[in-house]
Amino acid sequence: MRLTPENPTILTVAESLPLERLDIFLREKYPALSRGAVQRLLAEGSIQVNGRTVKPTHRPRAGEIISIRWPEPEAAQAQAEDIPLEIIYEDDALLVVNKAPGLVVHPAAGHQQHTLVNALLHHCAGGLSGIGGVARPGLVHRLDKDTSGCLVVAKNDETHLRLAEQFARREVEKIYAAMVCGVLPHDAGEIKAAIARHPTQRKRMAVRTRGGRHAHTSYRVLKRLRGVSQVELQLHTGRTHQIRVHLEHLGCPVLGDLVYGGRQNRRLKESSGYEAPRQLLHARKLSLIHPATQHRLTFEAPLPEDFAVALKFFSIKVNR
């Protein structure tokens with residue numbers, strides 16, 4: 001099914017959000033849409049609140065009706081490329097891939113080629129949802145370039161919307177594996193710390209007591225090694241860089257994460273001689289309800305080789 005201007009999406013705001021902008025609210029509902037794309041739809045009147053055009057800065061209020069008239073899909077600008085993909089699952093509605101570390105998800109400045117989108121355009125031969133726009137066909141959610149693991153892709157607009165609703169309602173179970181600097185003091189715990197844009201470094205996020213958005217991560221320590229830990233995490237919310245920011249907040253940033261843990265990673269390299277090839281964060285398991293069959297499906301991606309290398313290195317260090 002292709003959603004068109006004659007076939008709009010209707011949303012009802014469940015609760016007032018006095019500190020939230022409408023463009024950010026909708027960006028959370030539809031993660032594959034860029035904030036700029038949301039703002040363009042608002043400016044042209046394709047998104048209306050209670051039947052009127054509003055600014056991106058509008059604060060959503062309980063009971064408001066938001067209508068979204070999706071533009072006709074445009075031909076994808078990205079070029080199809082025959083890039084190998086590890087397909088975990090595929091049917092007529094969706095596919096789940098095990099994204100390789102280092103693979104950029106969608107074209108952007110500096111990365112117009114060799115992205116996951118280029119690979120999907122070749123693999124699916126045009127059979128992808130159009131809601132994400134010409135730069136992000138099929139993408140319902142994203143993973144950072146250096147994060148590996150499970151990522152679901154929609155092949156049509158109806159599937160895309162139903163999956164986006166599941167992500168927004170927090171019905172998708174997302175389990176991650178990570179190697180972190182340091183040794184966490186507790187076997188398990190909850191991190192509930194609001195996240196917002198960093199006040200001075202605009203490409204970073206940070207834990208903020210004022211103006212941040214609620215963010216919730218659970219963690220469980222699987223192994224404690226000398227100077228590092230292997231951790232399993234569950235995302236209950238989906239904020240930008242959430243796991244990386246929350247682990248930095250605990251003082252145990254992701255191994256190899258030079259953005260949120262540069263100091264700890266440099267110290268670890270000096271003391272152990274180990275340098276991670278990338279941030280060791282992996283989307284290990286994804287569980288969702290199939291929009292067509294209504295059956296819950298669970299997908300798993302095995303730990304990449306670089307995790308095994310790190311585990312072996314620090315296990316040897318412990319035994320000396």
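In the predicted model, strands E11 and E12 (residues 228-235) run antiparallel and are joined by seven bridges. Within this pairing, Tyr219 stands opposite Leu233 of E12. The hairpin of E11 and E12 has three residues between its strands. One residue of the hairpin, Gly227, adopts a positive phi near 90°. Strand E11 (residues 216-224) also pairs with strand E8 (residues 188-192). Five bridges hold E8 and E11 together, and the two strands are antiparallel. Here Ile191 has Thr217 of E11 as its bridge partner.

Positive phi values also occur outside glycine. Most residues other than glycine have a negative phi. His241 departs from this pattern, with a positive phi near 60°. His241 sits in the loop that links E12 to helix H5 (242-250). Its relative accessibility is 21%, so His241 counts as partly exposed. Gln294 likewise has a positive phi, near 65°, and is not a glycine. Gln294 belongs to the loop between strand E13 (281-289) and strand E14 (296-300). Because its relative accessibility is 54%, Gln294 counts as exposed.

Towards the N terminus, a further sheet was examined. Three strands make up this open sheet, in the order E1-E3-E2, with antiparallel pairing. Strand E1 (9-12) and strand E2 (47-49) are the edge strands, and each pairs on one side only. From one strand to the next, the twist averages 20°. Three bridges connect E2 with strand E3 (residues 65-68), and the two run antiparallel. In this pairing, Ile47 is matched with Ile68 of E3.

Gln48 is placed in strand E2. At 24% relative accessibility, above the 20% limit for buried residues, Gln48 therefore counts as partly exposed. Leaving aside residues up to four places away in sequence, Gln48 touches Thr53, Ile65, Ile66 and Ser67. Val245 lies 197 residues from Gln48 along the chain, and the C-alpha atoms of the two are separated by 34 Å.

Helix H1 lies across E1, E2 and E3. Relative to E3, H1 runs at about 65°. The buried residues of H1 are Leu22, Asp23, Phe25, Leu26 and Arg27. These buried residues pack against E1, E2 and E3, and also against H2. An α-helix has 3.6 residues a turn, so residues three or four places apart point the same way.

The packing of the two helices was then examined. Helix H1 (residues 22-29) and helix H2 (residues 35-43) meet at an angle of about 120°, and their axes are 9 Å apart. The angle lies outside the 65 to 115 degrees of a roughly perpendicular pair and is not over 145, which means that H1 is oblique to H2. The crossing of H1 and H2 is right-handed. On the H1 side, the contact is made by Leu22, Asp23, Ile24, Leu26 and Arg27. H2 contributes Arg35, Val38, Gln39 and Leu42. By type, the residues of the contact of H1 with H2 comprise five nonpolar, three charged and one polar. Among the H1 residues in this contact, Leu22, Asp23, Leu26 and Arg27 are buried.

Terms used
Residues numbered from 1 in each chain as written. Predicted model: local features only at pLDDT ≥ 70, side-chain atom pairs only at ≥ 80, totals over all residues. Heavy atoms only, no water. Axes fitted to C-alpha atoms, helices over the stretch in contact; angles between N-to-C directions. Helix = DSSP H or I, 4+ residues; strand = E, 2+ residues; numbered from the N terminus. Parallel < 35°, antiparallel > 145°, perpendicular 65-115°, else oblique. Left-handed = near helix turned anticlockwise from the far one by under 90°. Contact = heavy atoms within 4.5 Å. Nonpolar A, V, L, I, M, F, W, Y, C, P; charged D, E, K, R; others polar. Pairing = 2+ DSSP bridges. Buried < 20%, exposed > 50% of the residue type's maximum accessible area, 1.4 Å probe, protein only.
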